Amino acid sequence: MDMQSTAASQAGTPAGFQGTLTDKLKEQFDAGLLSGQELRPDFTIAQPVHRYTESDHAVWRKLYERQASMLRGRVCDEFLQGLSTLGMGKDRVPDFEQLNETLMHATGWQVVAVPGLVPDHVFFEHLANRRFPASWWMRKPEQLDYLQEPDCFHDVFGHVPLLINPVFADYMEAYGKGGLKAASLNALDMLARLYWYTVEFGLIRTDAGLRIYGAGILSSQGESLYSLDSASPNRIGFDVRRIMRTRYRIDTFQKTYFVIDSFEQLFDATRPDFAPLYESLRALPTLGAGDVAEGDLVLNAGTREGWSDSDDV
Ligand code: PHE
Ligand code: CO
C-alpha cells in the first residue's frame, strides 16, 4: 500500500474508490458520516435514516410545503398523482424502503441511496435497471433556494413521483440504456442535453395550459414561477435533434425550455437508434442556450430580460 492510499483510508475513504470520489463523497467520509457504512461497488449505501436530524426533517417539511402549495396548477397531473400514490409525506424525509414498496409494485422502479453524484456509467447502469440513485443527505437551512449538487429533496421530491407513471418510467430506463450506448459512441455531451431539457427542465402542454414536469424546475421555487410565468425565456416545441445541439446553463435559470405534448411523444421520439443521429449532429455547430433556430416551433420568443452573458455549458 502506498503512502497516499494509507492516508486516505485513515481518513475513512475506502481505497478501492480512489480517483472516482466526488468532493461531496470525500467530505462525508472525512466527517465520519459514512464510517461504518458500506459503500457498495455500485456506489449505493443503505439509507442512513438514523443520521437525519430534526433540522433535516424541518428543511424537508419547509420545502415540501412551499412547493406543494405553489405547484398546484403549475405541475402536471402525473406528478401530483405520483406524489399522492407514493404517500410521500411532508413531515419527514421519506424512508426509501417505504417508497419502494409502492414504487416497485407500480412500475418496478426503486430508489437507492447514494452519497452524491456518481460516475456516468454507474448512473446509467442504475437507470437501465430501474433504480434511481438519490442523494440521501438534505441541504442546510440556509440553502433552501439554491445549492449546486442534487440533495435528497431534489432527487426524491423532484424525480421520484413521475416514476409511478408507466410511460415516463419506461423513458427513464431507455435513457439509462441509451447512456451506456452513448458512452461507447463518445456522444455523452449530446445525450446529457436531452436529460437536461427533459428530465430536469421539461415543460408539458396540457388542455389546461403549460405545466412543469422537470425535476430541476419543480424542486426550485424561483424557477417554478419563472419557467411558466416569465416572458424572458424561450419556450420551444420539443425536438430531439434540436435539443441535442443546445448548450445549457448550470448556474442560472434556463434561457430556453422545451415543451412536450405528452410523455408518449417523448418516449416515441427517443425510440429510434441514436447512433446515426449522433453521427450527423456532430457535423453541425452547437446552439447557445438562448438561441432561436430556423425550424423551431416557437411558443414564446424570450424577451431575454435579465439574461447573463456568461458562458453556457
Ligand atoms: N434510442 C436511444 C439510442 O438508441 C436510446 C434512448 C432512449 C436515449 C431514450 C435517450 C432516451 O441510443
Ligand atoms: Co436531478
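**Sheet pairing, helix packing and burial in a predicted model**

In the central part of the sheet, I236 stands opposite F258 of strand β6; strands here are DSSP runs of E with at least two residues, and helices are DSSP runs of H or I with at least four residues, both numbered from the N terminus. The structure is a predicted model, in which local features need pLDDT of at least 70 and side-chain atom pairs count only at pLDDT 80 or more, whereas totals for chains, interfaces and linings use all residues. Residues are numbered from 1 along each chain as its sequence is written, and chains are lettered from A and ligands numbered from 1 in the order in which they are written.

The strand that carries I236 belongs to a parallel pair: β5 (residues 234-237) is joined to β6 (residues 256-260) by 4 bridges. Two strands are said to pair if DSSP finds at least two bridges between them. In the same region, N234 faces T256 of β6. Strand β6 is also joined to β3 by 2 bridges, and these two strands run parallel; L203 has V259 of β6 as its bridge partner. In general, the strands of a sheet pair through backbone hydrogen bonds, either parallel or antiparallel.

These strands form part of an open sheet of 5 strands, with mixed pairing and the order β4-β3-β6-β5-β7. At its edges lie β4 (209-212) and β7 (298-300), each of which pairs on one side only. On average, neighbouring strands of this sheet are turned by 35 degrees against each other, direction ignored. Axes are lines fitted to C-alpha atoms, for helices over the stretch in contact, and angles between N-to-C directions run from 0 to 180 degrees. Helix α11 (residues 221-229) lies across β3 (203-206), β4 and β6, and runs at about 155 degrees to β4. Strand β6 is largely enclosed by the rest of the structure, because 4 of its 5 residues are buried. A residue is buried if 20 or more other C-beta atoms lie within 10 Å of its own, exposed if 12 or fewer do, and partly exposed in between, with C-beta atoms placed from the backbone.

Over the whole chain, the secondary structure comes to 14 helices and 7 strands. The radius of gyration is 20 Å, close to the 20 Å given by the globule rule for 313 residues, so the chain is as compact as a globular protein of that length. This radius is taken over C-alpha atoms, and the rule is 2.2 Å times the number of residues to the power 0.38. The C-alpha trace spans about 55 × 45 × 40 Å along its principal axes. Of the 313 residues, 39% are buried. Among contacts between residues at least 6 apart in sequence, 65% join residues at least 24 apart; a contact requires C-beta atoms, placed from the backbone, to lie within 7 Å.

The largest nonpolar core has 68 residues, and V111, A134, C152 and L163 have the most contacts inside it. Such a core is a set of buried Ala, Val, Leu, Ile, Met, Phe, Trp, Tyr and Cys residues joined through C-beta atoms within 7 Å. Leaving out residues up to four places away in sequence, L163 touches L103, T107, W109, F132, F168, A169 and M172. W109 is placed in the loop between α5 and β1 (110-114) and is buried, with 22 other C-beta atoms within 10 Å. Beyond four places in sequence, the contacts of W109 include L103, M104, R130 and F132.

Helix α8 (residues 166-184) has 19 residues, which at 1.5 Å a residue should span 27 Å; its end C-alpha atoms are 28 Å apart, which agrees. The expected span is 1.5 Å times one less than the number of residues. Among the buried residues of α8 are F168, A169, M172 and G176. The elements that cover its buried residues include α4 (77-86), α5 (96-107) and α9 (188-200).

Most residues other than glycine have a negative phi. N186, in the loop between α8 and α9, has a positive phi of about 60 degrees although it is not a glycine. This residue is exposed, with 10 other C-beta atoms within 10 Å. F43 likewise has a positive phi, near 70 degrees, and is found in the loop between α2 (23-30) and α3 (54-71). In contrast to N186, which is exposed, F43 is buried, with 24 other C-beta atoms within 10 Å.

Note on methods: Contact = placed C-beta atoms within 7 Å.
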